[in-house]
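Morning, everyone. I have one structure to walk through today, so let's put it up on the screen.

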Amino acid sequence: MKKFLIGFMAVLFIAGMVGVTMVYAGAVKAPSGPLVFQNKHGAVTFQHSVHLKAGLQCEKCHHMWKDKTKEPRGCKECHKEKKTNGVPRLYDMAHHSNHSCKGCHKARAKAGKSHGPTKCSGCHKK
Ligand code: HEC
Ligand code: HEC
Ligand code: HEC
Ligand code: HEC
């Protein structure tokens, strides 16, 4: 009987932890409004809503997001104007590799999938 009770409590405890984790994971939301990157080449507007509707996972962009109980860190906290501590510069974050803004759009366009702008003026507005 005692063993059964301990087992039962352990199951309850685990179920509780899973529940808490799920509530926390659900609590982290993407910003609802547009985010604007100001830069010399012309401001670039990014909208989470468009990208989430296209079915992209948070981790596709927030590639360093490990602790899901906390908000992911902004890209600009690590990616600076110049390469810093081995972190590629903002320019590379925006245009290089297929998880960058332009890189993903180009790769998806090539694969015949829905995609965002691939031309400079499609993203940069003066
Ligand atoms: C297509 C790429 C992309 C996807 C997918 C994406 N994000 Fe983001 N997210 C960004 C960019 C870009 C920023 C702006 C970061 C900056 O200004 O440095 C951002 C910013 C944020 C911020 C604000 C962080 C800060 O402190 O500036 C939060 C919170 C966030 N995203 C949560 C999420 C969550 C949760 C998901 C999944 C439901 C998600 N994002 C999906 C690209 C993306
Ligand atoms: C905690 C620091 C950190 C944060 C936050 C971060 N990155 Fe990175 N990023 C790195 C590091 C380190 C690398 C190089 C190693 C790698 O590719 O994983 C990198 C590489 C990249 C690359 C590849 C660039 C190239 O030239 O190959 C892209 C694209 C990128 N990050 C996009 C983003 C985006 C978009 C965000 C925000 C949604 C973001 N990163 C947030 C640290 C970070
Ligand atoms: C992993 C792929 C991926 C990444 C990374 C990505 N996008 Fe997109 N983007 C898309 C897709 C897919 C669409 C088209 C959605 C649709 O039309 O259904 C899109 C659409 C857009 C649009 C057109 C819709 C609008 O909001 O006006 C803009 C602008 C845009 N993206 C900007 C950005 C910027 C800026 C970044 C980087 C901070 C970025 N994207 C990163 C996949 C991506
Ligand atoms: C998919 C969207 C997208 C496309 C297409 C795009 N860019 Fe960008 N670009 C960005 C984002 C996002 C940034 C980062 C803004 C920042 O520095 O805060 C950026 C930054 C830059 C910067 C850095 C500006 C500075 O202040 O250091 C230059 C230069 C630039 N882009 C030139 C171009 C050129 C030239 C093209 C076309 C060949 C192009 N971009 C196409 C999204 C895009």
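I'll take confidence first, then the sheet, then the ligand surroundings.

Keep in mind that this is a predicted model. The protein chain averages a pLDDT of 87. Of the residues, 79% score at least 70. Now the weak stretch. Over residues 18-24, pLDDT stays under 50. For those residues the model has two contacts beyond four places in sequence. Where pLDDT is low, the predicted coordinates should not be read in detail. Please leave that stretch alone when you look at the picture.

On to the sheet. Three strands make it up, in the order 1-2-3. The sheet is open, and the pairing is antiparallel. Strand 1 and strand 3 are the edges, each pairing on one side only. As a reminder, strands of a sheet pair through backbone hydrogen bonds.

Take the pairs one at a time. Strand 1 covers residues 35-37 and joins strand 2 over three bridges. Phe37 has Val44 of strand 2 as its bridge partner. What links strand 1 and strand 2? They form a hairpin, with five residues between them. Look at Gly42 in that turn: its phi is positive, about 120°.

The second pair is strand 2 with strand 3, residues 124-125. Here there are two bridges, again in the antiparallel sense. Ala43 sits opposite Lys125. Val44 sits opposite His124. So Val44 turns up twice, facing His124 in strand 3 and partnering Phe37.

Now the ligands. I'll cover ligands 1, 3 and 4.

Ligand 1 has 19 residues around it. Nearest are Ala30, Cys58, Cys61, Gly74 and Lys76. Two elements give two or more residues to this shell: helix 2, at 48-53, and helix 3, at 58-61. By class, the shell holds 11 nonpolar, four polar and four charged residues.

Next, ligand 3, with 20 residues around it. Which of them come nearest? They are Phe46, Ala54, Cys101, Cys104 and Gly116. Strand 2, helix 2, helix 3 and helix 5 each supply at least two residues of the shell. Helix 5 spans 101-110. The largest share, four residues, comes from helix 5. The classes here are 10 nonpolar, eight polar and two charged.

Then ligand 4. Around this one there are 21 residues. Phe37, Asn39, Ala94, Cys120 and Cys123 are the closest. Helix 4 (90-95), helix 5 and helix 6 (120-123) each give two or more residues to the shell. Which element has the largest share of this shell? Helix 4, with four residues. The class split is nine nonpolar, eight polar and four charged.

Notice how the sheet ties in. Phe37, the bridge partner of Val44, is among the closest residues to ligand 4. Strand 2 contributes to the shell around ligand 3.

One last residue: Cys120. Its place is in helix 6, and it is among the closest to ligand 4. Is Cys120 buried or exposed? Exposed, because it has 11 C-beta neighbours inside 10 Å, and the cut-off for exposed is 12 or fewer. Cys120 also comes back towards an earlier part of the chain. His41 is 79 residues away in sequence, yet the two C-alpha atoms are 9.0 Å apart in space.

That's my tour. Over to you for discussion.

Technical notes: Residues numbered from 1 in each chain as written. Chains lettered and ligands numbered in written order. Predicted model: local features only at pLDDT ≥ 70, side-chain atom pairs only at ≥ 80, totals over all residues. Near = placed C-beta within 6 Å. Nonpolar A, V, L, I, M, F, W, Y, C, P; charged D, E, K, R; others polar. Pairing = 2+ DSSP bridges. Buried ≥ 20, exposed ≤ 12 C-beta atoms within 10 Å, placed from the backbone. pLDDT = per-residue confidence, 0-100. Contact = placed C-beta atoms within 7 Å.
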